[in-house]
Amino acid sequence: AALDEQTRTLTEKRARLLGDSYRLFYRNPVHLVRGEQQYLWDAQGNKYLDVYNNVASIGHCHPAVIDAVQQQMSQLNTHTRYLHERILDYTESLLKYVPGEVSKAMYMCTGSEANDLAIRVARAWSGGTGIIVTREAYHGTSELTSGASPALGSGQPLAATTRLVPAPDRYRVDTPDIGAWFAAQIQEQIDDMAAHGIKFAGLLVDSIFSSDGVLPGPAGYLKPALDVVHRNGGIFIADEVQPGFARTGESFWGFARHDIVPDVITMGKPMGNGIPVSAMLAKPEVLAAFSDTIPYFNTFGGNPVSIAAAQAVLKVIEDEKLQQHSLTVGTQLQQELAALAAQHDCVGDVRGAGLFIGFELVTDKASKNPDKQRALDVIERLREDHVLTSVAGPHGNVLKLRPTLAFQAHDIDWLVGSLDKALRAGR
Ligand code: PMP
């Protein structure tokens, strides 16, 4: 179908003015003008269900965040070289959510910066350079993080010190013990590094493996991975940019489902509900080797306005009991999706934790062959029904269902109904 005139004009202008690395979603791009809670509206006034946004995690334009930011912005905004209570009050609050051994915080503006620093910390602490990530990982935009982000494709060279392990995908890996299997993959890569004269520095993983296809797996299975990392003198970095801040329902962080204590924890996206703020938390002894020798200053990182937003987010998660909500509604949604999967031979697997769900499309259940084209068609059809989501995984065939935590039980019919319709439309 032809694009309407405004959409065409904006799309052309964008292509002319912005760098071509930017990718637009959808053949018929969406022009959003307003958001509230779990919904968005386009320029024509159409209402959309947002099933893809963990940045506006507590709901679009949450009044508590708006008030906090407005109030602090009208009073003062400065940086971390002056004293300010907010950053300290917030750090005390945030540290209550992580294991006691992790007791130091540093603030940045993006997940990329948090992971970039985490890699530098791993290197300073271990004296090595080797970083292990999963095969379809994405960790950021900087030289260090993009060099450890195979999801960027073959155009982006990986660092010579990066090694890849296959993700712990229980749907595709045939093993009775996914935890032991994953740990063995890590050991293999550490050995390969050593054979090439590279000293291991750390494992950097998204603790729900979002870009690898959303792989929550059984709680506890990351424990052997942590052990193998420590036995080999490296650190375990939990990238919580995607699963963090109550999303998995079962726990506040992705790693916490596994009852492990990471050495470093990075976070971003949902932390400020749209205001740029990110953080790296670390065990003090792990951070020391870096901090003792290298100064760190991030102009906007940890500024009072960003921290005010982050404080409001934590308070809303507590006041609105969003972790419990994510578990309750997420479980209900997963049940409805599983029922839908039973009716469609092209749905191979449904897996999730709270409101973070992977819905894997295949040519048929028996062969498990990934069906990327169908996934793309489904995404486009959902868009026409005003349901926004996208795909993940090495084969691009997994629908990544990650609504705001404002998603309600009464939204399930819209999502599942549209999905059913899109699947029935065939290939
Ligand atoms: N880590 C993960 C797991 C991510 O998904 C992303 C962003 N998609 C990043 C890091 C980078 O975060 P940012 O875009 O805020 O730099």
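Start by selecting helix α4, residues 111-126: with 3 residues, this helix gives the largest share of the shell around the ligand. Keep in mind as you click around that you're looking at a predicted model.

Now show the whole shell. You should have 15 residues surrounding the ligand, and the closest ones are T110, G111, S112, D206 and V241. Try colouring the shell by residue type: 10 of its residues are polar, 3 are charged and 2 are nonpolar.

Next, zoom out and colour by domain. Domain 1 is made of two stretches, 31-58 and 321-424, while domain 2 covers 63-319. Measured out between C-alpha centres, the two domains sit 25 Å apart. Where they touch, 28 residues come from domain 1 and 28 from domain 2.

Stay on the domain 1 side of that contact. Which elements each supply at least two residues here? Select α10 (322-343), β11 (347-353), β12 (356-361) and β15 (398-401), and you have them. This side of domain 1 mixes 13 nonpolar, 10 polar and 5 charged residues.

Pick β11 out of that set. Is this strand buried or exposed? Buried: 7 of its 7 residues are, so β11 is largely enclosed by the rest of the structure.

Last stop: add β12 to your selection. β11 and β12 run antiparallel, joined by 6 bridges. Find A353 and look across to β12, where F356 stands opposite. The two strands make a hairpin with 2 residues between them, and one residue to click in the turn is G354, which has a positive phi of about 55°.

Technical notes
Residues are numbered from 1 along each chain as its sequence is written. This is a predicted model: local features need pLDDT of at least 70, side-chain atom pairs count only at pLDDT 80 or more; totals for chains, interfaces and linings use all residues. A residue is near a molecule or strand if its C-beta atom, placed from the backbone, lies within 6 Å of it. Helices (H or I, at least four residues) and strands (E, at least two) are DSSP runs, numbered from the N terminus. Ala, Val, Leu, Ile, Met, Phe, Trp, Tyr, Cys and Pro count as nonpolar, Asp, Glu, Lys and Arg as charged, and the others, Gly among them, as polar. Domain bounds come from an automatic or database domain assignment. Two residues are in contact if their C-beta atoms, placed from the backbone, lie within 7 Å. A residue is buried if 20 or more other C-beta atoms lie within 10 Å of its own, exposed if 12 or fewer, and partly exposed in between; C-beta atoms are placed from the backbone. Two strands pair if DSSP finds at least two bridges between them.
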